[in-house]
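Me: I have this model open next to its sequence, and I would like a close look at a single part of it. Could you pick out one strand, walk me through its surroundings, and then work outward from there?

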Amino acid sequence: MHPTLPPVFDGHNDVLTRLLPHGPAAAAARFAQGGEGAINLPNARAGGFGGGFFAIWIASPSDPAVKFDQMTRASYDMPLPEPVPFEAARRSAEDEIAVLEALEAAGSLAICRSVAEIRAAMAAEKIAAIFHIEGAEAIGPDLAELDGYHARGLRSLGPVWSRPTIFGHGVPFRYPSSPDTGPGLTGAGERLVRRCNELKIMIDLSHLNAAGVADWRGFPTRRWSRAIRTPMRSARTAAT
Ligand SMILES: [Zn+2]
């Protein structure tokens, strides 16, 4: 850890997606040795990176690359990729979670399940990783997978990554644009948010459209007690 600066705790990273093509064992080695342009262990230590949200993200089979170059233009309007079928998404998520777990097994980071575990990891100068899902394509309508991911450490979830899911609708990659672009959370989306609150999985509002955010905001006052409202308030904004 950097000797003088306070540690950085990052709101979102995509290093697992970048490491995914290498497979878990080679990914863990590359992370430890510093072979990647994104976050890696030597650079994290040198730069005082204490930890953050490590995203599991499913690439679109029909449109795998995120077109960042187009998003540097003065204005743009890109069509959203097709929804990803559940079984393909589930397999892809498993592969990416295997990378996260390989990094932990190699001793590069700790998957933290509580604030106490984050503090303990940072005190031990180990990267404190929060297992995050960016777009819930790998969860079916009965939410069975959600409990499984939670047991493996999932503590933060965004219902959509702009692409529509069975849970809701995201904003398109369009600028300028209002975020009010379509319908909000579906019935399955409402069940997902409710179950996340029971499990104390933080809801990430990034990419959700205005109606989805409004639906989320309506939950606590409409249906839930103050005690349940609190973890929902800690949602993040703005990430890719
Ligand atoms: Zn991301």
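Reply: Happy to help; here is a walk that starts at one strand and moves out through its neighbours.

Please keep in mind that this is a predicted model. The chain has nine helices and eight strands, and 36% of its 240 residues are buried. Among contacts with a separation of 6 or more, 69% link residues 24 or more positions apart.

Let's settle on strand β5, which spans residues 127-134. How many of the residues of β5 are buried? Eight of its eight residues are, so to speak, under cover: the strand is mostly covered. Both faces share in this: I127, A129, F131 and I133 point one way, A128, I130, H132 and E134 point the other way, and all are buried. Notice that H132 and E134 are on that buried list too.

What lies alongside β5? Strand β2 (residues 49-57) pairs with β5 in the parallel sense, over seven bridges. If you want a spot to click on, I56 stands opposite I133 in β5. Strand β4 (residues 109-111) also pairs with β5 in the parallel sense, through three bridges. There, L109 has I127 of β5 as its bridge partner. Following the chain from β4 to β5 takes you through helix α5 (residues 115-123), and this β-α-β crossover is right-handed.

Before the chain enters β5 there is a residue worth a glance. E125 is in the loop between α5 and β5, and its phi is positive, about 55°, although E125 is not a glycine. Is E125 buried or exposed? With 10 other C-beta atoms within 10 Å, E125 is exposed, whereas the residues of β5 that follow are buried.

Now look at strand β6 (residues 154-158), which runs parallel to β5 and is joined to β5 by four bridges. I133 turns up again here, with L157 as its bridge partner in β6. The way from β5 to β6 leads through helix α6 (residues 144-151), again as a right-handed β-α-β crossover. Because five of the five residues of β6 are buried, this strand is largely enclosed by the rest of the structure.

From β6 you can step on to strand β8 (residues 202-203), which pairs with β6 in the parallel sense over two bridges. L157 carries you across, since its bridge partner in β8 is I203. I203 in turn brings helix α7 into view: the C-alpha atoms of V193 and I203 are 7.2 Å apart, though their positions lie ten residues apart along the chain. V193 belongs to α7, residues 187-199. V193 counts as buried because it has 21 C-beta neighbours inside 10 Å. Leaving out residues up to four places away in sequence, V193 touches L185, I203, W216 and F219. In the loop between α7 and β8 you will find K200, another residue other than glycine with a positive phi, near 60°. K200 is partly exposed, with 14 other C-beta atoms within 10 Å.

Let's return to β5 and ask what A129 touches. Setting aside residues up to four places away in sequence, its contacts are G51, F54, L100, L109, A110, I111 and C112. A129 is also, with L16, F54 and L100, among the residues with the most contacts inside the largest nonpolar core, which has 54 residues. Helix α4 (residues 86-105) supplies the largest share of this core, seven residues. As background, nonpolar side chains in soluble globular proteins tend to be buried together.

Helix α4 leads to one last stop, helix α2 (residues 24-33), where P24, A27, A28 and F31 are buried. Why do they lie on the same side of α2? They cover an arc of only 100° around the axis, which puts them on one and the same side. In general, an α-helix has 3.6 residues a turn, so residues three or four places apart point the same way. The cover over the buried residues of α2 includes α1 (15-19), α3 (41-47) and α4. Just after α2, G34 takes a positive phi of about 95°.

Technical notes: Residues numbered from 1 in each chain as written. Predicted model: local features only at pLDDT ≥ 70, side-chain atom pairs only at ≥ 80, totals over all residues. Core = buried A, V, L, I, M, F, W, Y, C linked by C-beta atoms within 7 Å. Buried ≥ 20, exposed ≤ 12 C-beta atoms within 10 Å, placed from the backbone. Contact = placed C-beta atoms within 7 Å. Arc of directions from axis to C-beta. Pairing = 2+ DSSP bridges. Right-handed = clockwise from strand over helix to strand, strands pointing away.
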